[in-house]
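Please read this note with the sequence and the model open beside it. The points are numbered so that each can be checked on its own.

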Amino acid sequence: MAQTSEFSIPEFLRSDEFYTELGESDLSEDFQNAALPIYEEMEKIMLQHGKESVENLLPLIVQVFENLDSTQKDNKRYLDTINAVSADNENLNSQFEEERLRRRERDSELIKIEETYDLENRKLKRELDLSIQQCKQYSAKTQSVSENLQRAEERFLLLNYYRQSKRGKEPSSTLSLLRIRVIIFVSVY
């Protein structure tokens, strides 16, 4: 339990690997403050048992503190990354929800437009079918009226021809045209 005379405690503190490593390391202030009481306890052990009693232990303690500090820094970086990713995720989720709502609104509007278009299309198709049917009916009626009119004209001309022939008058040129029409009409039917 003798103290070596060549090293006084202050000289040992200045020349010790532990103190140098602790003072020059990149440990955060929290870890340096936590290491100080341990170092003071190590000082007491060195005073009682000599430098050799803690010589191999000091580098291990420094390494433990450096590893703890590195782990704490890594954890802080990870937490910062997680917070940033969480904020990005929240932004993306809110943007996604907004886009989903806008899309829902557009889809709803498109469905309404489509329904309106379908209704209008069906209405126009019915009107077109009705118009086509009416056009066919009018065409048939027109054809029938035209044929009836032609027959009536021919009868009228024929009747005039007979009247003029009974009176002894020479039929006019219209009557000769009427004869041609009668002949054509009779030959067709």
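The points below go from the overall fold to single residues.

1. Overall make-up. The structure is a predicted model. Its chain has five helices and zero strands. Read along the sequence, the order is therefore simply α-α-α-α-α.

2. Burial and surface. How much of the chain is buried? Buried residues make up 14% of the 189 residues. The chain exposes about 15,400 Å², and carbon and sulfur atoms supply 55% of that area.

3. Contacts along the sequence. Take the contacts in the chain with a separation of 6 or more. Of these, 56% are between residues 24 or more positions apart.

4. The length of α4. Helix α4 runs from 57 to 167. Does its span agree or disagree with the expected one? The reasoning is short: at 1.5 Å a residue, the 111 residues of α4 should span 165 Å. The C-alpha atoms at its ends are 158 Å apart, so the two values agree.

5. Buried positions in α4. Which residues of α4 are buried? They are Leu 58, Ile 61, Val 62, Phe 65, Asp 69, Glu 154, Leu 157 and Tyr 161. This list includes the charged residues Asp 69 and Glu 154, and Asp 69 returns in point 8 as a salt-bridge partner.

6. The nonpolar core. In soluble globular proteins, nonpolar side chains tend to be buried together. The largest nonpolar core here has eight residues: Phe 31, Ala 35, Met 42, Met 46, Val 54, Leu 58, Ile 61 and Phe 65. The elements that give two or more residues to this core are α3 (29-49) and α4 (57-167). Helix α3 gives the largest share, four residues.

7. Ile 38 beside the core. Ile 38 is found in helix α3. Is Ile 38 buried, partly exposed or exposed? Its relative accessible area is 33%, so it counts as partly exposed. Leaving aside neighbours within four places in sequence, Ile 38 is in contact with Ile 61 and Phe 65. Both of these partners are listed in the core. Ile 38 and Ile 61 are 23 residues apart in sequence, and their C-alpha atoms are 9.1 Å apart in space.

8. Lys 73 and Asp 69. Side chains of opposite charge can pair when their charged atoms come close. A search of the whole structure finds nine salt bridges. One of them joins Lys 73 to Asp 69, with the closest N and O atoms 3.2 Å apart. Both residues lie in helix α4, four residues apart, about one turn of the helix. What is the accessibility of each partner? Asp 69 has a relative accessible area of 3%, under the 20% limit, and is therefore buried. Lys 73, at 35%, counts as partly exposed.

9. Asp 80 and Lys 76. Another salt bridge links Asp 80 with Lys 76, where the closest N and O atoms are 3.4 Å apart. These two residues are also in helix α4, four residues apart, about one turn of the helix. Asp 80 is partly exposed, with a relative accessible area of 42%. Lys 76 has a relative accessible area of 52%, over the 50% limit, so it is exposed.

10. Arg 151 and Glu 147. The side chains of Arg 151 and Glu 147 meet in a salt bridge of 3.7 Å, N to O. Because they are four residues apart in helix α4, about one helical turn separates them. Arg 151 counts as partly exposed at 27% relative accessibility, and Glu 147 counts as partly exposed at 29%.

11. A salt-bridge network. Which residues are linked in a network of salt bridges? They are Glu 99, Arg 102 and Arg 106.

12. A nonpolar patch on the surface. Tyr 78, Leu 79 and Ile 82 form a nonpolar patch on the surface. Together they have about 330 Å² of accessible area. Tyr 78 is found in helix α4. At 52% relative accessibility, Tyr 78 is over the 50% limit and so counts as exposed.

How values were computed:
Residues are numbered from 1 along each chain as its sequence is written. This is a predicted model: local features need pLDDT of at least 70, side-chain atom pairs count only at pLDDT 80 or more; totals for chains, interfaces and linings use all residues. Side-chain values use heavy atoms; hydrogens and water are left out. A nonpolar core is a set of buried Ala, Val, Leu, Ile, Met, Phe, Trp, Tyr and Cys residues joined through side-chain atoms within 4.5 Å. Buried means under 20% relative accessible area, exposed over 50%, partly exposed in between (1.4 Å probe, protein chains only). The expected span of a helix is 1.5 Å times one less than its number of residues. Patches are made of residues with over 30% relative accessible area and no salt bridge: like charges are joined within 9 Å, nonpolar side chains (Val, Leu, Ile, Met, Phe, Trp, Tyr) within 5 Å. Accessible areas come from the Shrake-Rupley method with a 1.4 Å probe; for residues, only the protein chains shown count as cover. A salt bridge is a side-chain nitrogen of Lys or Arg within 4 Å of a carboxyl oxygen of Asp or Glu. Contact means heavy atoms within 4.5 Å.
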